[in-house]
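User: Please walk me through a few backbone and packing details of this structure, with the cut-offs behind each term.

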Amino acid sequence: NTITNKWGEIVNSTPDNVTMRKSNCGMISFNINGKDKLLLVGGYGPTPVTTHSHSQYVPNPNDPNYCCTNEIHLMCVSSSPGQWIVPVITGTRPPPCGFFTLHTLPGNRSVMFGGVTIDETG
């Protein structure tokens, strides 16, 4: 809460919805039908124990304990407690990457620009 400066941990609703701990990912906020949501895309971090069949995890050839991913998670922050879910995605996912810019556009759209991927061949 940015008004009271009280922080709380975001809970994963089930083991299937676990978000990979990561950095260099993209996050946007938006509102649908009066509900505030966060969308988390991609990133780089420790290779997760629990993976999602529809996401890709490209290991760092110099340290296979870390990887880039194209995971996509959604949270309804209007509900309490907020929980991450894995949304159904139609269309083409971005490649596993990090270090990109994600920006919200009108009409509940966004644009992703830049990014770094890991070359699997080393």
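**Backbone and packing details**

Analyst: At 29% relative accessibility, Asn24 counts as partly exposed, a class lying between buried (under 20% relative accessible area) and exposed (over 50%), with a 1.4 Å probe and protein chains only. This is a predicted model, in which local features need pLDDT of at least 70 and side-chain atom pairs count only at pLDDT 80 or more, while totals for chains, interfaces and linings use all residues. Residues are numbered from 1 along each chain as its sequence is written, and side-chain values use heavy atoms, with hydrogens and water left out.

User: Where is Asn24 placed, and what is its phi?

Analyst: Asn24 sits in the loop between β1 (11-12) and β2 (26-32), where strands (E, at least two residues) are DSSP runs numbered from the N terminus. Although Asn24 is not a glycine, its phi is positive, at about 55°.

User: Is Phe99 buried or exposed?

Analyst: Phe99 belongs to strand β7 (residues 98-105) and has a positive phi of about 60° without being a glycine. Because its relative accessible area is 52%, Phe99 is classed as exposed.

User: Which residue in β8 stands opposite Leu102?

Analyst: β7 pairs with strand β8 (residues 109-116) in the antiparallel sense over seven bridges, pairing being assigned if DSSP finds at least two bridges between two strands. The two form a hairpin with three residues between them, and Gly107 in the turn has a positive phi of about 80°. Opposite Leu102 in β8 stands Met112.

Notes:
Helix = DSSP H or I, 4+ residues; strand = E, 2+ residues; numbered from the N terminus.
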